Each structure stands twice: as structure tokens, then as C-alpha cells.
Amino acid sequence: MSEDDYESLPPSSGMATHMLAGAAAGVLEHCTMYPVDCVKTRMQCLVPDPRANYRNVVDALYRIVRYEGIAKSFRGINAMAYGAGPAHALYFACYEYMKKSLSKTGQSNHLVHGASGVFATVLHDAVMNPADVVKQRMQMYNSPYKGCMQCLRQVYAKEGARAFYRSYTTQLSMNIPFQSIHFMVYEFCQDHLNPQRSYHPHTHWISGAMAGAFAAAATTPLDVCKTLLNTQEKCAVSRPGSSVDGMVQAFRTVYHYQGMQGYFRGVSARVIYQMPSTAISWLVYEFFKYRISSHGQDGLVSGPQVHCAPPSQ
């Protein structure tokens, strides 16, 4: 199989296959490292409960498992699984559709890839944001919710539908640069580790991990603000019935309680979470791409040719 065979999937490969590949990558990416994501959410709290004021990731995981039980580190994983599958499937579907629509010559270029990725991220986050709100409220220490559905119903009843999209603009502001940094670092690593661009799982794993680490560290301040907008910590809400709304207010609130260092609370947990998560996502997607190109057809619905797209955060 030549380099071009691997980089361009055959015309017989259908969009359904890539949606399934994207969904599988998304679910594995988010669920495999879910306990670390729980730690990240707790470490980003503005005023943590004294019983949940952790020194580092290892200390947090030990104390959660030791005093709350291992099941607590997986609270909210249902919301993540239900959201990640369709969100990532739609991400890849939108990416391919927009790339085909924007590329008049039929040949892809970096500008088309970038623009298509932006549209795909907007759609992905629109689907994922409500699941993220439920997931993070379930992850909080001493969360009052017994399950994801109860959380969903109570948040809707008390705060309305807009509660599920308070962090949407912040999420987009984070994910668009995240995707840009992620993609550039991944391609840079591939240029050095795999210049022939053949299928080498270890290079995809390493490149994905490095890309996730750099992108995660750079966008941590926005992630901290997103967590505040999703969880609406009681200490940050000035009066009953009010809320923290918008990125500017979130940034001001974080600075008021924690100062500049507050913007990087949980950065170690975020990096530790994103490194294997993005590595898994790239590895799964590259594997599906390789298998499809190796067999020449996938037996599903036919669709346009595709090139590898960056996995979503």
C-alpha cells in the first residue's frame, strides 16, 4: 500500500464508517481517563471543601477512592458516554461535508481543513455542552444529585435550558485554539517521527499525546472558567437566583478568589487526562483509516474521500 493510498481513503469508504470511527474514538477518549477528569473538575473549584482540597492528582485519586469509594470517581460517566458518541460522530460528519463543500477544486488544503474544523467544532460543542454540564455537576464533591437524569431534570427546572449553554461560548473559545494547537503539534511530530506518513501506531500514539499535552496546558485558563460556568459554585453566586454568566464574568470571578494562579488550577490533571485521551483518539481513528484503505472498501454507505481530521477535545 503506497503513502497516497493511506492518506486518501478509497471512494467506496462511506461516511457511516467515519462516523462510527469518530464515535468510537470519542467514547474511548473520554471514558478511559474519566477518573482523572473527575479530579480535574474538583481541583478547578474556586473554594474547595476542606475534605476535597487536594495537593495533586495522585493525592486526589487516593483520597477519592479511599474515603468515597472508587464508584465516586466515575459519577457522571453516563452523561459523558451518551454525549461523546453522537458529538464525535457529528464532528466527523460535519468536517467531511464542509470540506467537500468548501473545496471547489476537489483537492483539500490547510485553509479548507481549518475552516471545516471550526464548523465541526461548533456543532460538536453544541451537542456536547449539556452533557458536560451534567457530568461536571455530578463530579463535584458531595454532589446532591443521585444520577444523571435527576441532575438534568433539576438543573432544567431550577435554571432553565440556558443553564446547559452558559459555557458554550467559552467552550468554543477554548476548543478552537485547542484544535489549532493540537493539529499543528500532531503534524509537527508526525513530520519528525513518521515523515513517510505510513501507519505506525507508536508514532500516532506519541504524536497524539504530545499534541494533547501542549493544547491542554495552553487552554487551561479557559477550561477553569468553563468549569465555573458549568458548576455555578455557591461561593461565586452573589445572591439566590443569580448566576455567573459569560466569559468575562467568569474570568473576573476566578481572579477574585484565586488570583492569577487560579487560571491554572488543575493544569496537571488536565494534561495527564488529555495526553492518553488524545493519544487514544488518534490511534483509534488512524487504525480505522488504515483498515479501510487496506481493504479498499468498507461495505457501508459510499461517500466522499476523506483525509485524517484532528480528534475533538
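This report describes confidence, one helix, selected residues and aromatic pairs in a predicted model.

## Basis and confidence

Residues are numbered from 1 along each chain as its sequence is written, and side-chain values use heavy atoms, with hydrogens and water left out. Because the model is predicted, local features need pLDDT of at least 70 and side-chain atom pairs count only at pLDDT 80 or more, while totals for chains, interfaces and linings use all residues.

The protein chain has a mean pLDDT (the predictor's confidence in each residue, from 0 to 100) of 83, with 85% of its residues at 70 or more. Among its elements, helix H7 (residues 148-159) has the highest mean, 96, and helix H1 (residues 3-7) the lowest, 44. Helices are DSSP runs of H or I with at least four residues, numbered from the N terminus. Over residues 1-8 the pLDDT stays under 50, and the model gives this stretch 22 contacts (heavy atoms within 4.5 Å) beyond four places in sequence. Residues 297-312 also have pLDDT below 50, with 69 contacts in the model beyond near neighbours in sequence.

## Helix H4

Helix H4 comprises 12 residues (57-68), and its end C-alpha atoms are 16 Å apart, in agreement with the 16 Å expected at 1.5 Å a residue. That expected span is 1.5 Å times one less than the number of residues. The buried residues of H4 (under 20% relative accessible area, with a 1.4 Å probe and protein chains only) are Val57, Asp59, Ala60, Arg63 and Ile64. They fall within an arc of 160° seen down the axis and therefore line one face of the helix; the arc is taken from the directions from the axis to the C-beta atoms. On the face turned away from this buried side are the exposed residues (over 50%) Val58, Tyr62 and Arg66.

The N-terminal end of H4 is capped by asparagine 56, a side-chain oxygen of which lies 3.2 Å from the backbone nitrogen of valine 58. Just after the helix, glycine 69 adopts a positive phi of about 95°.

## Alanine 81 and glutamine 258

Alanine 81 belongs to helix H5 (residues 77-102). With a relative accessibility of 27%, alanine 81 counts as partly exposed, the class between the buried and exposed limits. Neighbours within four places in sequence aside, alanine 81 contacts Val27 and Cys31. Its C-alpha lies 10.0 Å from that of glutamate 29, although 52 residues separate the two in sequence.

Glutamine 258 is located in helix H11 (residues 247-258) and counts as buried at 16% relative accessibility. Its side chain reaches the backbone oxygen of leucine 46 at 2.3 Å. Not counting residues up to four places away in sequence, glutamine 258 touches Cys45, Leu46 and Arg265.

## Aromatic pairs

The structure holds 3 aromatic pairs, defined for rings of Phe, Tyr and Trp (its six-membered ring) with centres within 6.5 Å; planes under 30 degrees apart count as stacked, over 60 as edge-to-face and the rest as tilted. Tyrosine 186 and tryptophan 282 form a stacked pair, because their ring centres are 3.7 Å apart and their planes lie at 5°. Tyrosine 186 is in helix H8 (residues 168-193) and tryptophan 282 in helix H12 (residues 267-295), so the pair ties together parts 96 residues apart in sequence. Both tyrosine 186 and tryptophan 282 are buried.

Phenylalanine 251 and tyrosine 263 form a tilted pair, at 5.3 Å centre to centre and 40° between the planes. Phenylalanine 251 lies in helix H11 and tyrosine 263 in the loop between H11 and H12, 12 residues apart. Phenylalanine 251 counts as partly exposed at 25% relative accessibility, whereas tyrosine 263 counts as buried at 10%.

Notes: Helices (H or I, at least four residues) and strands (E, at least two) are DSSP runs, numbered from the N terminus. A polar contact is a pair of N or O atoms within 3.5 Å; within protein, one must be able to donate a hydrogen and the other to accept it, and residues adjacent in sequence count only if both atoms are side-chain atoms.
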